[in-house]
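I opened my notebook and went through this structure one topic at a time. These are my entries, in the order I made them.

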Amino acid sequence: MSRLAFVLLLFLVAFEVSAKLQNVTVKGIAVCNKRRVANAHVILIDKDTLDPNDELTQIHTNKEGEFELFGEEDEIGKIEPYIRIHHNCNTQPGCERVSEYQIPQEKIGELYDMTYVTLDIIVHGEKTKCN
């Protein structure tokens with residue numbers, strides 16, 4: 001049994017050593033119907049295949065609808081970052097929409113400037129939650 005534990009420990013150490021720290025910075029301006037959206041909840045997430053996704057950081061847009069997030073993660077392969085925005089653009093009272101936007105792989109390690117994130121356009125896989 002101790003031999004199996006040793007092999008598992010060796011595997012875990014090799015796995016951890018091969019992981020590398022990667023980062024991404026994302027900024028943009030949330031807009032709805034050509035108006036800037038204050039206080040939208042923006043989350044930077046790393047999509048994982050075998051385990052739960054990692055939340056890297058989160059912020060609320062400022063009064064001008066602006067946001068900027070920086071996140072980093074140790075991964076074996078490339079990180080697969082995306083942002084999730086919780087907002088109430090074009091919803092009924094008591095509801096919120098949850099929109100997700102992928103970050104291009106070539107922007108890992110760099111700044112990804114999304115410029116204007118147009119929340120009135122429904123994105124694929126978007127969800128609406130109501131109280």
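**Surface and burial.** I began with the outside. The protein exposes about 8700 Å², and carbon and sulfur atoms supply 54% of that area. I noted that this is a predicted model, so every value here is computed from it. Next I checked burial. The protein has 131 residues, and 36% of them count as buried.

**Elements.** I then listed the secondary structure. There is one helix, and there are nine strands. Reading from the N terminus, I wrote the order as α-β-β-β-β-β-β-β-β-β. I also looked at how far apart contacting residues sit in sequence. Among contacts between residues at least 6 apart, 65% join residues at least 24 apart.

**The open sheet.** Which strands form the open sheet, and in what order? I found five strands, in the order S4-S3-S6-S7-S9. Their pairing is antiparallel. The edge strands are S4 (54-60) and S9 (127-130). Each of these pairs on one side only. I looked up the angle too: neighbouring strands of this sheet are turned by 20° against each other on average, direction ignored.

I picked one pair from this sheet for a closer look. S7 covers residues 95-102. Four bridges join S7 to S9, and the two run antiparallel. In this pairing, Glu96 stands opposite Lys129 of S9.

**Strand S1 and its partners.** I reminded myself of a general point: strands of a sheet pair through backbone hydrogen bonds, either parallel or antiparallel. Then I followed S1, residues 20-32.

- S1 and S5 are joined by ten bridges and run antiparallel. Asn23 has Glu72 in S5 as its bridge partner.
- S1 and S8 are joined by six bridges and run parallel. Here Val26 stands opposite Tyr112 in S8.
- S1 and S2 are joined by two bridges and run antiparallel. Here Val31 stands opposite Arg36 in S2.

S1 and S2 also form a hairpin, with two residues between them. I checked the turn. Asn33 lies in it and has a positive phi of about 50°.

**The nonpolar core.** Which residues have the most contacts inside the largest nonpolar core? They are Val26 and Ile83. The core has 21 residues. I looked up which elements give two or more residues to it: S1, S3 (41-46), S5 (66-75), S6 (81-87) and S8 (111-118). S1 gives the most, with four residues.

I then listed the contacts of Val26, leaving aside its neighbours within four places in sequence. The list reads Leu44, Phe67, Glu68, Leu69, Ile83, Ile103, Tyr112 and Met114. Ile83, the other residue with the most contacts in the core, is in contact with Val26. Tyr112 is in contact with Val26 as well, and it is the residue that stands opposite Val26 across the S1 and S8 pairing.

**Thr61.** I went to the loop between S4 and S5, where Thr61 is found. Is Thr61 buried or exposed? Its relative accessibility is 5%. The cut-off for buried is under 20%, so Thr61 counts as buried.

What do the polar atoms of the Thr61 side chain meet? I found two backbone atoms. The backbone oxygen of Val37 lies 2.8 Å from a polar atom of that side chain. The backbone nitrogen of Ala40 lies 2.8 Å from a polar atom of the Thr61 side chain too.

I wrote down the contacts of Thr61, again without neighbours within four places in sequence. They are Ala30, Val37, Ala38, Asn39, Ala40, Val42, Glu66 and Phe67. Phe67 is also in contact with Val26.

**Two residues with positive phi.** Asn39, one of the contacts of Thr61, got its own entry. Asn39 is not a glycine, yet its phi is positive, about 65°. It sits in the loop between S2 (35-36) and S3. With a relative accessible area of 55%, Asn39 is exposed, because exposed begins over 50%.

Thr115 was my last stop. It is not a glycine either, and its phi is positive at about 55°. Thr115 is placed in strand S8. Its relative accessibility is 42%, which lies between the cut-offs of 20% and 50%. Therefore Thr115 counts as partly exposed.

Notes:
Residues are numbered from 1 along each chain as its sequence is written. This is a predicted model: local features need pLDDT of at least 70, side-chain atom pairs count only at pLDDT 80 or more; totals for chains, interfaces and linings use all residues. Side-chain values use heavy atoms; hydrogens and water are left out. A nonpolar core is a set of buried Ala, Val, Leu, Ile, Met, Phe, Trp, Tyr and Cys residues joined through side-chain atoms within 4.5 Å. Buried means under 20% relative accessible area, exposed over 50%, partly exposed in between (1.4 Å probe, protein chains only). Contact means heavy atoms within 4.5 Å. Accessible areas come from the Shrake-Rupley method with a 1.4 Å probe; for residues, only the protein chains shown count as cover. Two strands pair if DSSP finds at least two bridges between them. Axes are lines fitted to C-alpha atoms, for helices over the stretch in contact, and angles run from 0 to 180 degrees between N-to-C directions. A polar contact is a pair of N or O atoms within 3.5 Å; within protein, one must be able to donate a hydrogen and the other to accept it, and residues adjacent in sequence count only if both atoms are side-chain atoms.
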